[in-house]
Amino acid sequence: MTRHEEIRRSYKELGRIGNLYDGIITRSTLLGKLMDGLIWGLDKELSARWIEDALAPIPADFSGSLLEVPVGTGVLTMPLYASLPEAGITCLDYSADMMENAKKRAAAMGLSHVAFVQGDVGALPFADESFDLVLSLNGFHAFPDKDAAFRETCRVLKPGGIFCGCFYIAGRFARTDWFVRHMYVPKGFFTPPFETEESLKERLRELYSQVEVHSVRAEGIFKCVK
Ligand SMILES: C[S@@+](CC[C@H](N)C(=O)[O-])C[C@H]1O[C@@H](n2cnc3c(N)ncnc32)[C@H](O)[C@@H]1O
């Protein structure tokens, strides 16, 4: 089985228990709080900070074209999109099962300006320079072909456009590194090699004119301008 297939199988299973995933990623369940503390070393304040920092580059009145990849269950972003009714938003994910949760969420919220596309970040089905902003939350630690993912997210962004988001980086918090190696990689949720804060800065500087990277524990948070 290829790594692509392993990842798809893992997220297919997770997509079918989307509520469990949502509780973990938003820290809104007991399991989520336990995992946040034990695995990620995050308390309530730090947990709120990484998502706020990752979404901060998106202007409050954004009305351009936005690509989110991977959207997953959409639990972190559909509430934001509800506040951006003038924007044209496209959400992409490899896993139809994860994305089904996001589609249902968008439909329940009446978000007619949000479209969904199943696909691979390594071969995005969009023309060069299609988007004003590309958002990627917790995806690059999962993607099987990191080079293709960095290349493609940059290719579809317009000159002057913003690329922002977050994902796991190695070497910042030993406990997270241990759990990633022993739990998330074998389960197919994360795929090495992983960036460090320094390697991420270097990689992004090769593609973008402005690059800001910082971390909250093991979450690397970035904002770039093409
Ligand atoms: C940890 S989830 C993150 C979802 C969401 N952004 C969040 O923060 O809750 C990782 C997602 O990456 C998706 N994914 C993995 N490989 C992919 C690929 N090659 N192309 C697009 N999405 C992919 C998985 O299907 C999964 O939904």
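How many nonpolar, polar and charged residues make up the shell around the ligand? I looked this up first. The shell has 14 nonpolar residues, five polar and two charged. The model is a predicted one.

**Ligand entry.** I listed the residues that surround the ligand and found 21. P70, G72, Y94, S95 and N138 are the closest. I then followed P70. It sits in the loop between β1 (65–68) and α5 (78–82). The peptide bond leading into P70 from V69 is cis, with omega near 0°.

**Cis bond entry.** I noted a cis peptide bond between P192 and P193 as well, with omega about 0°. P193 belongs to the loop between α8 (174–187) and α9 (197–207).

**Positive phi entry.** I checked R27, which is not a glycine yet has a positive phi, near 60°. R27 is in the loop between α2 (18–25) and α3 (30–38). I class R27 as buried because 21 other C-beta atoms lie within 10 Å. E129 is not a glycine either, and its phi is positive at about 55°. I placed E129 in the loop between β3 (114–118) and β4 (131–137). With 14 other C-beta atoms within 10 Å, E129 is partly exposed.

**R217 entry.** Is R217 buried or exposed? I count it as buried, because 20 other C-beta atoms lie within 10 Å and the cut-off for buried is 20 or more. R217 is in the loop between β6 (210–216) and β7 (219–225). Beyond its neighbours within four places in sequence, I find R217 in contact with W40, G41, L42, L46, R172, F173 and T176. I also took the C-alpha to C-alpha separation of R217 and E86: 34 Å in space, with their positions 131 residues apart in sequence.

Conventions:
Residues are numbered from 1 along each chain as its sequence is written. This is a predicted model: local features need pLDDT of at least 70, side-chain atom pairs count only at pLDDT 80 or more; totals for chains, interfaces and linings use all residues. Helices (H or I, at least four residues) and strands (E, at least two) are DSSP runs, numbered from the N terminus. A residue is buried if 20 or more other C-beta atoms lie within 10 Å of its own, exposed if 12 or fewer, and partly exposed in between; C-beta atoms are placed from the backbone. Two residues are in contact if their C-beta atoms, placed from the backbone, lie within 7 Å. A residue is near a molecule or strand if its C-beta atom, placed from the backbone, lies within 6 Å of it. Ala, Val, Leu, Ile, Met, Phe, Trp, Tyr, Cys and Pro count as nonpolar, Asp, Glu, Lys and Arg as charged, and the others, Gly among them, as polar.
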